[in-house]
There are 4 protein chains.
Amino acid sequence: MKRIEDFKSIIDRYEIIFFDAFGVLKTHSGLVPGIERTFDYLEAQKKEYYIVTNDASRSPGQLAQSYHNKGLYAVTADRIISSGMLTKEYLDLKVNDGIVAYLGTADSAHYLESSGLHTLPVRDINSSNIDKVNLLVFMDDEGFDWCEDLNKTVNLLRKRTIPAIVANTDYAYPVLKNDVGIAIGGIAGMIEAIVGKQFIRFGKPDSQMFMFAYDLIREYRNISKKEIVMVGDTLQTDIIGGNKFGLDTVLVLTGNTQATDYENRIEATGIVPTYICNSAVLGPDVLAF
Amino acid sequence: MKRIEDFKSIIDRYEIIFFDAFGVLKTHSGLVPGIERTFDYLEAQKKEYYIVTNDASRSPGQLAQSYHNKGLYAVTADRIISSGMLTKEYLDLKVNDGIVAYLGTADSAHYLESSGLHTLPVRDINSSNIDKVNLLVFMDDEGFDWCEDLNKTVNLLRKRTIPAIVANTDYAYPVLKNDVGIAIGGIAGMIEAIVGKQFIRFGKPDSQMFMFAYDLIREYRNISKKEIVMVGDTLQTDIIGGNKFGLDTVLVLTGNTQATDYENRIEATGIVPTYICNSAVLGPDVLAF
Amino acid sequence: MKRIEDFKSIIDRYEIIFFDAFGVLKTHSGLVPGIERTFDYLEAQKKEYYIVTNDASRSPGQLAQSYHNKGLYAVTADRIISSGMLTKEYLDLKVNDGIVAYLGTADSAHYLESSGLHTLPVRDINSSNIDKVNLLVFMDDEGFDWCEDLNKTVNLLRKRTIPAIVANTDYAYPVLKNDVGIAIGGIAGMIEAIVGKQFIRFGKPDSQMFMFAYDLIREYRNISKKEIVMVGDTLQTDIIGGNKFGLDTVLVLTGNTQATDYENRIEATGIVPTYICNSAVLGPDVLAF
Amino acid sequence: MKRIEDFKSIIDRYEIIFFDAFGVLKTHSGLVPGIERTFDYLEAQKKEYYIVTNDASRSPGQLAQSYHNKGLYAVTADRIISSGMLTKEYLDLKVNDGIVAYLGTADSAHYLESSGLHTLPVRDINSSNIDKVNLLVFMDDEGFDWCEDLNKTVNLLRKRTIPAIVANTDYAYPVLKNDVGIAIGGIAGMIEAIVGKQFIRFGKPDSQMFMFAYDLIREYRNISKKEIVMVGDTLQTDIIGGNKFGLDTVLVLTGNTQATDYENRIEATGIVPTYICNSAVLGPDVLAF
């Protein structure tokens, strides 16, 4: 089995670092202690970094603000690539008119509004406007009445042959030390099984998420996939997604995969990271460069 | 392709008739018109019949009352075999003490209470009683707060290694002419995917549902599976379930499978009923025997 | 977590013992050492026992002979209940004429022949007889050319709307200390995914397998499910199947589930046996009764 | 429902056309009659085109030759983008040394050999070299003994924790007017279910296939996704894949989706093409421009 390696020695070998957010930079109780040192080092070394996250609940600006509130100022809006941004790109390219119905909060609907389309929460769909609905988007698990609006969603998809987008593929997310919450990806999976239709999913492990980040970088500099490394805590999203896209990958043990079970999990899933590190935090001596 | 046959000529060949309820005896708008003639004929011919239904929302007595309220008096409580009764049998055989947590209405919880166990809706599980919970049962889609109690259910199953029973395997049920409701089977499927555990499901197409009815009959008379026919409107539950148990099966076109698409659906699924009839209603001349 | 219990103390509490075969009575290298003492004890105590096995490759007589060859004479043909017997019952009840096509050895086809139907290996299906094929049965992974006959099977099911039976639900079976073989259940799963049709599967964990054994016993004696215990090595077949049927269950650690990981596996799957024992072998002092 | 549109009027609106191969350009009996006129027109209009195909059985050069042999000279090797090329990119980026084991013909192995790695058919893996195997690739359904080598593959993946690549995601492919063959994607699905590990799949509908083509074009010209249209016969690969990547899509009715059922299939799957055309062939008057 692979040995645990030093995180600093790994990032020294790459030009650009992609970080997953939850389980890597932060946990239920706040920032991973010492993570700001990692970003100080990256800045000092003039390495670039991006946060690549399955989070469509808030805009990049709001997400960045949440890091600043915790004391991590290096994570700015332009460093954040969220699955909500892929949904926005889909709308820009593919939907020209009509209503975009959504499940989620008003915050999550910001991703949908900029396209000049009319957005409407599922609760406001009725017989007078249902024929104008051209797209349904699952944005976030909050902001709607589960019982009433999910039943309404099932019947909307039975009556209208329209595409459905899932802006976050995760089935659950951590909310407390030992508790998780059901994510919109899990809810969308239930609706998909009931209506028997095929939804479009954005977010890791899907390649399009990594491609979006890669394209964004290539707009201002030349880069090869060999110069990028993906850092994540989840084999089934961060690691297999990064591997498939052709990136080297680092599994850290501060989130979904723990020091006690990473060997079993890698063997059971056949998902093999390039490296394994205890965390994305640099040792105390690192900044003495 | 099979031709449409006369329902009377079919039931004349069997001793016992199993009927599905929804889509066969009743629809969203009430009883299937004329269905009472079928039961008059069965009574006159001294044929036995049972309603075999994936409905754990109410007791057999309450279900029978709902038929009486509509004017069909032949369906009595002792003629109804519901998936809730299999859940009750499981409790009687397998759970001796502790708390049975459930999602559903107080009506549905009647199936759980007679065993002398302590039953508790999921909403009332807390840190003082969670360690005594020995079983979780998904009974009905009503009677609880979807968002709050489903999140609570996920975390209960993450903290306690206990069996989970799904008392109704259906994913959806009809509520209006063109609308369906999400059934507890669909909700349970979402929770199962999120926690990654394997639930126990009762209800058609599972054989145990048919066996329960068959055993009940054999307590008072000798009967062979060749003398029983199952009548249903759904290929994936009534027909494949009946076929697998070794019964002959009748597909009727008054519910989930329609006259316009039954040929396509049989071909697409490979689920082949023994007979196909327009409905379970007898023609007007039938009673002139 | 449940503690390891003594096997003798458990069987003393039941009238009838159901045993899985592979991983309980025998392994890749022969009989589980000492297992014959268990059967001596059962005979002395006048307890009944049955071998309940997902094995349709040979008749009960041939299976019994294989135990006799290894020195275990207690396992006679009338003690063996195989998934092949459920296939035979299906044919007796549901198929009256025409050809039954099958994948498997000539030995496995014995289950099909006694019904008076014409059986034909898939390799012999051609344009002159394909219209008479009324059933397809997946019996065994041996006895046919995988490439040629599986392609033929796919096209048979595309051309003929007929039921398909899988006589063994297992995906793999052990062949050497560290090697497994692909079982016919795994092959059938591939064909089912390709043709998009729904097959009928017999064998544990399905209830019909347990019901078949239970019915057989009730023909000559009164028994309650509370008086039967199921002994198996596999959570996903023996244990969840036995639990669901309403039986108490014993997990033994001589096969698929090992002493090193049984706690993790029970927690991960949520499949909880009533008891856990190191093996189905009685200690050396047992026979000193 | 969408109306059938004229193919010429559609391609006039785009700069670059992506074509699926089977069911669009060719069928079991050869080229789609008149398809060469489409390419004459594209050449005359100076439009670019690419064949985007889930075919890893032969190199682009060999695939192009097969079109030339049929009389279609416009399809040259540099116009063909196959899922085999994504496998090659993965090897170049991610595998530095050791043995790449594969299932497929020697022709399909060409995609693997250019990276300077040692390639070995699964049949030649043995105890002396198994520890050096760093990757397994499912290339093609031909070139190996299904029974022997698939069993060997299962045991290779049980013994070695290595990534497995599926170079063609299709489950089946047409071989005669009414017959299909099992494709390597279907076989890989069976192995994945048996070993319980997660494979990496290349090919439509996955975005990475479209991204590979898009990147190739952007190396020599600026292009927006709005200027590309994907033409295909299969909703589940060509159309949903193109839609998700942000391309407009044309469903043609010369392959998997027929004039008699396209409306049902679109409604059942919820996969909606931008346009529907009878075929990718231009009318006889088209070349009189």
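**Salt bridges and chain contacts in the predicted model**

In chain B, the side chains of E5(B) and R13(B) form a salt bridge, with N and O 3.7 Å apart. The model in which this pair occurs is a predicted one. The two partners differ in burial: E5(B), at a relative accessible area of 18%, is buried because it falls under the 20% cut-off, whereas R13(B), at 46% relative accessibility, is partly exposed. Over all chains, the structure holds 64 salt bridges.

A pair that crosses between chains is formed by D206(C) and K244(B), whose closest N and O atoms are 2.8 Å apart. D206(C) sits in the loop between β12 (200-201) and α8 (207-218) of chain C, and K244(B) belongs to helix α9 (residues 235-245) of chain B. Both of these residues are buried.

Within helix α4 (residues 83-94) of chain C, D92(C) and K88(C) are placed four residues apart, about one turn of the helix. The two residues form a salt bridge in which the closest N and O atoms are 3.1 Å apart. D92(C) is partly exposed, with a relative accessibility of 34%, and K88(C) is likewise partly exposed, at 25%. In chain A, E15(A), E48(A), R79(A) and R221(A) are joined into one network by salt bridges that share partners.

Helix α6 (residues 146-159) of chain C contains 14 residues. From first to last C-alpha the helix reaches 20 Å, close to the 20 Å expected at 1.5 Å a residue. At the N-terminal end of α6(C), D145(C) acts as a cap, with a side-chain oxygen 3.1 Å from the backbone nitrogen of C147(C). The buried residues of α6(C) include W146(C), D149(C), L150(C) and N151(C). T153(C), V154(C), N155(C), L156(C) and L157(C) are also buried.

The contact between chain B and chain A takes 21 residues from chain B and 21 residues from chain A. About 1,800 Å² is buried between these chains, and carbon and sulfur atoms give 69% of that area. On the chain B side, W146(B), I182(B) and M190(B) lose the most area to chain A, together accounting for 30% of what that side buries. Two salt bridges are found across this interface. In the pair D179(B) and K159(A), a salt bridge, the closest N and O atoms are 2.5 Å apart. Six residue pairs are in polar contact between chain B and chain A. The elements of chain B that give two or more residues to the side touching chain A are α6 (146-159), β11 (180-182) and α7 (184-195). Of these, α6(B) gives the most, with eight residues. The residues on this side of chain B comprise 13 nonpolar, five polar and three charged.

The contact between chain D and chain A takes 41 residues from chain D and 41 residues from chain A. These chains bury about 3,200 Å² between them, with 51% of it on carbon and sulfur atoms. Eight salt bridges are found across the interface, and K94(A) and D248(D) form a salt bridge at 3.9 Å, N to O. Between chain D and chain A, 21 residue pairs are in polar contact. Elements of chain D that each supply at least two residues to the side touching chain A include α4 (83-94), α9 (235-245), β14 (248-252) and α10 (262-269). The largest share, six residues, comes from α8(D). By residue class, this side of chain D divides into 16 nonpolar, 12 polar and 13 charged.

How values were computed
Residues are numbered from 1 along each chain as its sequence is written. Chains are lettered from A and ligands numbered from 1 in the order in which they are written. This is a predicted model: local features need pLDDT of at least 70, side-chain atom pairs count only at pLDDT 80 or more; totals for chains, interfaces and linings use all residues. Side-chain values use heavy atoms; hydrogens and water are left out. The expected span of a helix is 1.5 Å times one less than its number of residues. Buried means under 20% relative accessible area, exposed over 50%, partly exposed in between (1.4 Å probe, protein chains only). A polar contact is a pair of N or O atoms within 3.5 Å; within protein, one must be able to donate a hydrogen and the other to accept it, and residues adjacent in sequence count only if both atoms are side-chain atoms. Contact means heavy atoms within 4.5 Å. Buried area is the accessible area (1.4 Å probe) that two parts lose on being put together, summed over both. A salt bridge is a side-chain nitrogen of Lys or Arg within 4 Å of a carboxyl oxygen of Asp or Glu. Ala, Val, Leu, Ile, Met, Phe, Trp, Tyr, Cys and Pro count as nonpolar, Asp, Glu, Lys and Arg as charged, and the others, Gly among them, as polar.
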